[in-house]
Amino acid sequence: RKFYLSIFLLVVLSASLRFYSIGQSSYWIDEMASLYFSSRDFWWSLLWDNSPVLYHFILKIWIKYWGMGETQTRALSALFSISTTGVLAVFGWSFFKLRGAIVFGSIHVLSHLSILYAQETRMYAMFEFVTALSMVAFYNFWGGRQNGQRFITTNIILVFTHYLALVP
């Protein structure tokens, strides 16, 4: 019960901070570019940005169902960031049980950059989420708990999320 309660509370706190005044500021130029490329009728417009295509593909589908307002489009990034909190809290639990979940989750919950990127219609929160999944997959692969298939899969997804994935 402590596990589920701690994860739930961390995710609720993460959601509160990431959704707090999410739609108050206007779009900035890069967000407008993401919206422009993702909202065109033709699919090849997803390739126009100087970023990999996966986030814009997901955003295109998101816009179709939820609309193009600041709150609606930024909610996608917020959900990726909130999911990262859950992943990191579960990862922390695997090390130090309740204390690890609280420490790992709280560090992410309170991360200023994470909150900032969660409130932008850009790919950074998705990159953060897939990076967390990749880190967990690598840890499990390195420890012999899984084969390397999940680690390879998450890294392929990373490459289609942001070019920074090519650096390591």
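**Entry 1: Phe80 and its surroundings**

I began with Phe80 and listed its contacts, leaving aside residues up to four places away in sequence: Phe80 touches Ile58, Ala125, Met126 and Phe129. I note here that the model is predicted.

I then asked which residues have the most contacts inside the largest nonpolar core. They are Tyr55, Leu59, Leu76 and Phe80, and the core has 22 residues. Two or more residues of this core come from each of helix H3 (54-66), helix H4 (70-109) and helix H6 (124-142). H6 gives the largest share, seven residues. I also found a second, separate core of six residues, which includes Ile7, Ala89, Trp93 and Val109. For background, I recorded that nonpolar side chains tend to be buried together in soluble globular proteins.

**Entry 2: Leu98**

Next I looked up Leu98, which is found in helix H4. Is Leu98 buried, partly exposed or exposed? Its relative accessible area is 29%. Buried means under 20% and exposed means over 50%, so a value in between counts as partly exposed. Leu98 is therefore partly exposed.

I listed the contacts of Leu98 as well, again without residues up to four places away in sequence: Leu98 touches Lys2, Ser6 and Trp93. Trp93 had already appeared in my notes as a member of the second core. I also checked the separation of Leu98 from Pro52. The two residues lie 46 places apart in sequence, and their C-alpha atoms are 37 Å apart in space.

**Entry 3: The whole chain**

I turned to the protein as a whole and counted its elements: there are seven helices and zero strands. From the N terminus on, the order reads α-α-α-α-α-α-α.

I looked up the overall dimensions. The C-alpha trace spans about 45 × 35 × 25 Å along its principal axes. The radius of gyration is 17 Å, which agrees with the value near 15 Å for a compact globule of 168 residues.

How much of the protein is buried? Of its 168 residues, 42% count as buried. The protein exposes about 9,800 Å², and carbon and sulfur atoms supply 70% of that area.

I then considered contacts between residues at least 6 apart in sequence; 67% of these join residues at least 24 apart.

My last item concerned charge. The protein has 12 positive and 7 negative charges, and the mean positions of the two sets are 18 Å apart.

Definitions and conventions. Residues numbered from 1 in each chain as written. Predicted model: local features only at pLDDT ≥ 70, side-chain atom pairs only at ≥ 80, totals over all residues. Heavy atoms only, no water. Helix = DSSP H or I, 4+ residues; strand = E, 2+ residues; numbered from the N terminus. Rg over C-alpha atoms; globule rule 2.2 N^0.38 Å. Buried < 20%, exposed > 50% of the residue type's maximum accessible area, 1.4 Å probe, protein only. Contact = heavy atoms within 4.5 Å. Areas by Shrake-Rupley, 256 points an atom, 1.4 Å probe, with all protein chains shown as cover. Lys, Arg positive; Asp, Glu negative; His and termini not counted. Charge placed at Lys NZ, Arg CZ, Asp CG, Glu CD. Core = buried A, V, L, I, M, F, W, Y, C linked by side-chain atoms within 4.5 Å.
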